[in-house]
Amino acid sequence: MGSSHGQRLGITEPISLAGPTDDDLMRTRKLEKYLRDVNLYESQEEAVSREEVLGRLDQIVKIWVKKISRAKGLNDQLLQEANAKIFTFGSYRLGVHGPGADIDTLCVGPRHATREEDFFGELHQMLTEMPEVTELHPVPDAHVPVMKFKFSGVSIDLLYARLSLWVIPEDLDISQDSILQNADEQTVRSLNGCRVTDQILRLVPNIQNFRTTLRCMRFWAKRRGVYSNVAGFLGGINWALLVARICQLYPNAVPSMLVSRFFRVYTQWRWPNPVLLCAIEEGSLGLQVWDPRRNPKDKYHLMPIITPAYPCMNSSYNVSTSTLRIMMDEFQRGHEICEAMDKNEADVDWDTLFEPFTFFEAYKNYLRIDISAENADDLRNWKGWVESRLRQLTLKRKQGVPVGEGEQFDIRLTVKEFKQAVSMYTLRKPGMQISVAHVTRRNLPNFVFPGGVRPSRPSKGTWDSRRALERKVSSHTKPGADDGRKRKQTDDNVDTHLRNAKCHATMPSSSGEFREGSPIMSTISSSSINLQFEHMDANELAGSNREKVENNLTDSIRGSRNSVEVSLHNGKVDGPMIGDPRNKGLSFNSSNSKDAEKLAIEKIMSGPYVADQAFPLELDQLEDDLELKNQAKDFAGSAQNNSLGSCAVNIAAEATLTSMNGGSSSSALSPNGGLGELETVELTAPFSNVIPSAPVPQRKPLIRLNFTSLNKAT
């Protein structure tokens, strides 16, 4: 698929054409072994089973389309040629799926096979009657209508695209823009997944290196808690696009090099400069494409990652200022580790990069959100909707009463507004309930910890803890650094690293640790979600990585006017290529190679729209009111893929109530400092009687959400 010696891939020249050294090849072998050891590859038996399921599904839709064609009275020729075809997309099509992953599939049918009556009617009935089909769950009202089910134990998400053709040829090429002619909106959205996936594979120079690198980055993002589109981070397609761009910029690099360059490039990336794999095409069908110069909403996208297939759109519109700062901090951490690995530093290896963030050791206060429903299907729908609104809870908190350093705050009005937003779910049924409670770290159930065992002390010996200790020692050695203020004793290893927000899914314990009045819990496993946010004083960031990230984000707005312009539409830009003989003085092995590489990265990051970019309000805040009712339907059944076996879900959220400088942990949310229901009353002033002599500059909290399902400890 392309090469550095053939046609150029991407809108710029590569940054470097350098190939791997012996050390790079050795590190790549170690990386590949690591990925196998952590079970990221499916077995041969499972691969064969998936292929058999896809073949069987293709046969079923062919039988289905002939059946409805006969019922509609089509002539003999059309009846004989009647056809439907199954396509795959997502992680399976990209070749980076793991054991047990679902398969994203698309059924393409002719113009006379309707979505409502035939796909969700006749085909649904056919699947219902098949013994190998289980957990069948149609979601016809979703933004992208889908049927979810298991076929012989393999999870399937099946979309439908109704084309304007009377006959679907077996060699149909859905990458052609003409396929979208006269297609309805649901069909365009359904086709988009396949078209984007196929285009990504066409635009990378080496598919195998791309797959290994993407598998690595997906695993890393999940371990570090930044893999979740609905939570405001990045999902599978976003990470695929970011990795593909690095492959274009370093076409001869092997996976270990690509991982290192991934962090190197995106640590320096000045958002909101967009990541583009190819020029944005206007197209001839009049469909709206991403263009912040024309579309007002696009101006507020903070981390635009643009899909390469027409109509090109931003795949990461959920990213907020908080989640962007967290991801930039994670990119910086990854960059530092990869630099240490390049220097062959002791005790730094792939294990170091993939160290998980110990969320439940990091903070002192949590919010726990309990939801319940009357049956598993209702619970699945209700859970998906509540998860989709959690970002609104954190965004509302950021708009609340300013909190001074070390002061407590009243979150009850924020919780009340969150509950009101959740209650707008248009598909809400009797029995769907929600409550919010405060719980301290010492009262967390044991099952949320690895192996169900609560650690006796914070984790030590990790990269994060060592870096935190180094920064603490460094701060003590600077004149005037120690101002005598009280410092936290137990969580400095994480708080100093500014791990300000994360969400982790848990499930209720069997010991009945719910507050009085909570919904009756089943003994079967269920799910929960944790959310954490921390209020910080910007002055506390001096000398920290987070400050560097913040400066980069701010400078990207101010400095964008001076950046080199590239055309987003039908144009390419040539940047300096390290290792290319045409660029004299930019030798990859020269002493200033990193400066040259930084210059090359700067040169590829630009666009004429950026001068208009600003951070007025979160995109979520601008769109929530308009799209709330639509999303109520979109998220019906969005949690279908999660393992559910109970009629109640426990969702937890943490709010760290102290500033970075110290101060005791607040228990303002619950008088006894334990678990208590938050009665929503009128918002009051901060509880502290201390009135600051001057206004304290406030910084937006950092929000981290991560959704995971844990099996119940036994």
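# Salt bridges, a helix crossing and backbone exceptions

Guide: Asp177 counts as partly exposed, at 33% relative accessibility; buried means under 20% relative accessible area, exposed over 50%, and partly exposed lies in between (1.4 Å probe, protein chains only). The model is predicted, so local features need pLDDT of at least 70 and side-chain atom pairs count only at pLDDT 80 or more, while totals for chains, interfaces and linings use all residues. Residues are numbered from 1 along each chain as its sequence is written, and side-chain values use heavy atoms, with hydrogens and water left out.

Visitor: With which residue does the side chain of Asp177 meet in a salt bridge?

Guide: A salt bridge here is a side-chain nitrogen of Lys or Arg within 4 Å of a carboxyl oxygen of Asp or Glu. Asp177 meets that criterion with an N to O distance of 2.8 Å. Asp177 sits in the loop between β5 (154–162) and α6 (185–202), and its partner, 18 residues apart, is in helix α6. The partner is buried, with a relative accessible area of 3%; it is Arg195.

Visitor: How many helices does the chain have?

Guide: Helices (H or I, at least four residues) and strands (E, at least two) are DSSP runs, numbered from the N terminus. By that assignment there are eleven strands, and the helices number 19.

Visitor: What share of the residues of the chain counts as buried?

Guide: The chain exposes about 29600 Å², of which carbon and sulfur atoms supply 49%; accessible areas come from the Shrake-Rupley method with a 1.4 Å probe, and for residues only the protein chains shown count as cover. Of the 714 residues, the buried share is 57%.

Visitor: Among contacts between residues at least 6 apart in sequence, what percentage joins residues at least 24 apart?

Guide: A contact means heavy atoms within 4.5 Å. Among the contacts that pass the 6-residue filter, the share joining residues at least 24 apart is 79%.

Visitor: How many residues apart in sequence are the parts that Asp118 and Lys72 tie together?

Guide: The two side chains form a salt bridge at 3.4 Å, N to O. Asp118 belongs to helix α5 (residues 115–128) and Lys72 to the loop between α2 (44–71) and α3 (76–81), so the sequence separation of the tied parts is 46 residues.

Visitor: Which of Asp118 and Lys72 is buried, and which is partly exposed?

Guide: Lys72 has a relative accessible area of 35%, whereas Asp118 has 4%. The partly exposed residue is therefore Lys72, and the buried one is Asp118.

Visitor: In which helix does Arg333 lie?

Guide: Arg333 and Glu355 meet through their side chains in a salt bridge of 3.7 Å, N to O. Glu355 is in the loop between α11 (350–353) and α12 (359–362), so the pair ties together parts 22 residues apart, with Arg333 in α10 (residues 321–342).

Visitor: Which residues do salt bridges with shared partners join into one network?

Guide: The search of the whole structure finds 29 salt bridges. Glu355 and Arg333 are both buried. A separate set shares partners and forms one network of Asp58, Lys62, Lys85 and Glu170.

Visitor: How are α1 and α9 oriented to each other?

Guide: Axes are lines fitted to C-alpha atoms, for helices over the stretch in contact, and angles run from 0 to 180 degrees between N-to-C directions. The axes of α1 (residues 22–37) and α9 (residues 255–268) come within 7 Å and cross at roughly 90 degrees. Angles under 35 degrees count as roughly parallel, over 145 as roughly antiparallel, 65 to 115 as roughly perpendicular and the rest as oblique. The two helices are therefore roughly perpendicular.

Visitor: Which residues of α9 are met by α1?

Guide: From α1 the contact uses Asp24, Arg27, Thr28 and Leu31. On the other side, in α9, are Pro255, Ser256, Met257 and Val259.

Visitor: What is omega for the peptide bond from Tyr310 to Pro311?

Guide: Most residues other than glycine have a negative phi, and most peptide bonds are trans. Pro311 lies in the loop between α9 and α10. The bond from Tyr310 to Pro311 is cis, with omega near 0 degrees.

Visitor: What is the phi of Asn39?

Guide: Asn39 is in the loop between α1 and α2 and counts as partly exposed, at 48% relative accessibility. Although not a glycine, Asn39 has a positive phi of about 65 degrees.
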